[in-house]
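I opened a fresh page for this one and kept my entries short. Here is the structure I was looking at.

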Amino acid sequence: MKVPSAIWTMIAGITITLVSLWVGQNHSLMPVAASEEAPRIDALFNTMMTISTGLFLIVQGIIVISIFKFRKRADDNTDGPPIHGNVPLEILWTAIPAIIIMGIGVYSFEIYNSMGGLDPMASHEAHVAHKHQAGAAIAAALPSDEPAVAPSKAPGKLVALGVGASPRTQGQDPFVSVNVLGLQFAWIFTYPQTGVTSGELHLPAGKEVELTISANDVIHSLWIPEFRLKQDAIPGRESELRFVPQKVGEYSVVCAELCGSYHGGMKTRVIVQTEEDFQAWLQSQIAAQSEGLETVALNPADLSETDYLQPMAAEMGIDGETLNQLHAEHHPGDRAI
């Protein structure tokens, strides 16, 4: 019994739909979701993966079927049919991508709005400049002799960029505010309420955080993959990120904008702690500051090649014996180092 083509088409459509849905929800391409905002971004990504998988299967399936069904037969030297176009088909393959793009665009808009991206200044009508005060860590030799100051958000200034308060938290102050300064090639985090400065970002889990991001020299980009957040740091302007870290742990902070020769080394950590541990860390930094203890965060651009590479030697398993062996191999007549 010959199965009608409509039945085969329906079976193929159901199969493609099921496979696309499974791949879209089980691709395992994203890292752990460690912020309140991350599931929203993941939902958008999963939707795009589902649609992309379906389109891929349709296009590749048609190509594979065409290879076998319309291949040249043996001893067939005739020309193919002179098809000049198919208006309904052209309308179909134009309309479907247009609908998909519009749908994803509206969905993206809704997610961005729910995160506070449409109005990063909504919860603050006026901001004052926060100076990067001396704290538990001090950045070495900034290019300017003046203290680094975050640009003001006061009315009349350039409107902040980034993700502000969500509609749910508009009008509320964040639990923690942190000034973030990007410079070649380090991140400096200052907690303006206490004056604590650190080369690592410490945050409490389950509490809303506001990052005020600026750059000292060139454009940088603060990226925390597990939070699904990335925001440029622009000289002369400030960017804002408001979010809620959820999972206790340590996550990477990297620069996602090519900013110079040591761009790849511009990394640090964000440490999400319980509220009690965060407060304990903050008090320990305040105590260290009051005792005059300082941890210097050096700018790699100011180091010689030897000083820059020296901390990496232990991680690479290089010691004095290894150097002596290498020296002996290349200079047999010389004495050991």
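**Core.** I looked up the largest nonpolar core (buried Ala, Val, Leu, Ile, Met, Phe, Trp, Tyr and Cys residues joined through side-chain atoms within 4.5 Å; buried means under 20% relative accessible area with a 1.4 Å probe, protein chains only) and found 38 residues in it. V178, W187, Y191, L211, F227 and V270 have the most contacts inside this core. Strand β7 (residues 209-215) gives the largest share, four residues.

**Ground rules.** I noted that the model is predicted, that local features need pLDDT of at least 70 and side-chain atom pairs pLDDT 80 or more, while totals for chains, interfaces and linings use all residues. Residues are numbered from 1 along each chain as its sequence is written, and side-chain values use heavy atoms, without hydrogens and water.

**V270.** I then listed its contacts (heavy atoms within 4.5 Å), leaving aside neighbours within four places in sequence: L201, L203, I224, F227, G249, E250, Y251 and V253. L201 also stands opposite V270 in β12.

**Sheet.** I traced five strands (DSSP E runs of at least two residues, numbered from the N terminus) in an open, mixed sheet, ordered β6-β12-β11-β8-β9. Its edge strands, β6 (201-204) and β9 (229-233), each pair on one side only; pairing takes at least two DSSP bridges. β6 and β12 (residues 267-273) run parallel, joined by four bridges. Helix α4 (residues 275-290; helices are H or I runs of at least four residues) packs on the sheet and touches both β6 and β12.

Methods: Axes fitted to C-alpha atoms, helices over the stretch in contact; angles between N-to-C directions. Buried < 20%, exposed > 50% of the residue type's maximum accessible area, 1.4 Å probe, protein only.
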